[in-house]
Amino acid sequence: MARRRRGRPIDGVLLLDKSGGMTSNRALQQVRGLYQAQKAGHTGTLDPMATGLLPICLGEATKFSSWLLDADKRYLAEVRLGAVTDTGDREGEVIRECPVPSLNDSDVEQVLSGFLGEIDQVPPMYSALKHQGRPLYEHARAGREIARAPRRVSIYDIALTSRHAQGFSLDVSVSKGTYIRTLAEEIGEHLGCGAHLEGLRRLRTGPFDGSDMLDIETLESMSDEQRLERLLPVDALISHLPALTTDDDGARRILQGQPIALETLGLAEGSAARLYHDHNLLGVVTISGSGQCSPRRLINTADERR
């Protein structure tokens, strides 16, 4: 007999407002503990320095967290001019200082406009990308510089929100894989004085914005019932996928791992869709042919999970 997981089988998504100085994993474990949940995961880390939106997936929602890894994101970034650090942010050692030229809003906005659209960006050494099985930041801490190929990313929108003598704030929307600290450094180089990232707050990831975020302190002050009420349903993670429905027989067969026949609404072969039965999510399926789909990632409906 399989050993049961410790904790409660709670399913859903919490929109956490992560505080600065906390790792994403620490935030995850705190939320899991408050809910006493069997399983928990997140949809992509935020640096310890960064604050803002960190969706936490509980229970069956962890199965669908990968669909947000490729999501577009929006940030509020604080850029400090005149100092370049080895990490690209305020937590690193200053390796170069330059005088900040006299700038006006138009000077900054002209440089910002040059980053709109698709750009090539070299990932920073202080990142979790791996080389020979080890994160790049481990190589960086050991004093090794690893050649990194540039990656194509998209800057959908970038706007100056405030400015002062030593820097400014940006509201920026980007594609997956974009490093905001690298963007800050590149902007600083174009302004002729270098720069690093002074602060970062994530405002949106995929379909989620910051309007319903809760911080740890607020969660701790809530009753168990109140915390449960703030969870979003599992399918909030995959709301961008088209929805299909099946009957009793189709639900039984798909949950047994078998392909089923159903109306696929003209979806292309190989594409993904949400599948429902009686308004209940069964999981994500793959269109395997005209009028047919196959299971891809399914909800666990077994009673013993309870």
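How many salt bridges does a search of the whole structure find? The search finds 13, a salt bridge being a side-chain nitrogen of Lys or Arg within 4 Å of a carboxyl oxygen of Asp or Glu. The model is predicted, so local features need pLDDT of at least 70 and side-chain atom pairs count only at pLDDT 80 or more, while totals for chains, interfaces and linings use all residues. Residues are numbered from 1 along each chain as its sequence is written, and side-chain values use heavy atoms, with hydrogens and water left out.

Helix H1 covers residues 24-35. Helices (H or I, at least four residues) and strands (E, at least two) are DSSP runs, numbered from the N terminus. The expected span of a helix is 1.5 Å times one less than its number of residues. For the twelve residues of H1 this gives 16 Å, and the end C-alpha atoms lie 17 Å apart, which agrees. Buried residues of H1 are Ser 24, Ala 27, Leu 28, Gln 30, Val 31, Leu 34 and Tyr 35. Buried means under 20% relative accessible area, exposed means over 50%, and partly exposed lies in between (1.4 Å probe, protein chains only). These buried residues cover an arc of only 165° around the axis, so they sit on the same side of H1. The arc is taken over the directions from the helix axis to the C-beta atoms. The cover over them includes strands E1 (12-18), E2 (40-42) and E3 (51-58). Helices H5 (216-221) and H6 (224-229) also contribute to it. Gln 36 follows H1, with a positive phi near 55°.

The largest nonpolar core holds 48 residues. A nonpolar core is a set of buried Ala, Val, Leu, Ile, Met, Phe, Trp, Tyr and Cys residues joined through side-chain atoms within 4.5 Å. Leu 14, Leu 16, Tyr 35, Phe 168, Ile 187 and Leu 219 touch the most other members. H1 supplies the largest share of this core, five residues. A second, separate core has 21 residues, including Val 13, Leu 53, Leu 68 and Tyr 276. In soluble globular proteins, nonpolar side chains tend to be buried together.

Contacts (heavy atoms within 4.5 Å) were listed for individual residues. Not counting residues up to four places away in sequence, Ile 187 touches Val 111, Leu 112, Phe 115, Ile 158, Phe 168 and Leu 170. Thr 182 lies in helix H4 (residues 180-190). Its relative accessibility is 5%, so Thr 182 counts as buried. Leaving aside neighbours within four places in sequence, Thr 182 is in contact with Gln 121, Val 122 and Pro 124.

Strand pairing requires at least two DSSP bridges between two strands. Strands E7 (residues 117-121) and E10 (residues 151-164) run antiparallel and are joined by five bridges. Asp 120 stands opposite Arg 152 in E10. E10 also pairs with strand E11 (residues 167-174), in the antiparallel sense, over eight bridges. Ile 155 has Val 174 in E11 as its bridge partner. The hairpin from E10 to E11 passes through two residues.

Arg 152 also takes part in a salt bridge, with Glu 118 (3.4 Å, N to O). This pair links distant parts of the chain, with Glu 118 in strand E7 and Arg 152 in strand E10, 34 residues apart. Glu 118 counts as exposed because its relative accessibility is 54%. Arg 152, at 51%, likewise counts as exposed.

Glu 189 and Arg 96 form another salt bridge, with the closest N and O atoms 2.7 Å apart. Glu 189 belongs to helix H4 and Arg 96 to strand E6 (residues 94-97), so the pair links distant parts of the chain, 93 residues apart. Glu 189 is partly exposed, with a relative accessible area of 43%. Arg 96 is partly exposed at 35% relative accessibility.

Asp 249 and Arg 252 form a salt bridge within helix H7 (residues 248-255). Their closest N and O atoms are 2.5 Å apart. The two residues are three apart, about one turn of the helix. Asp 249 is partly exposed at 41% relative accessibility, and Arg 252 is partly exposed at 42%. Lys 39, Glu 60 and Lys 63 are linked in a network of salt bridges.

Thr 301 lies in the segment after strand E18 (292-298). At 48% relative accessibility, Thr 301 counts as partly exposed. Thr 301 and Leu 255 are 46 residues apart in sequence, and their C-alpha atoms are 8.5 Å apart in space.
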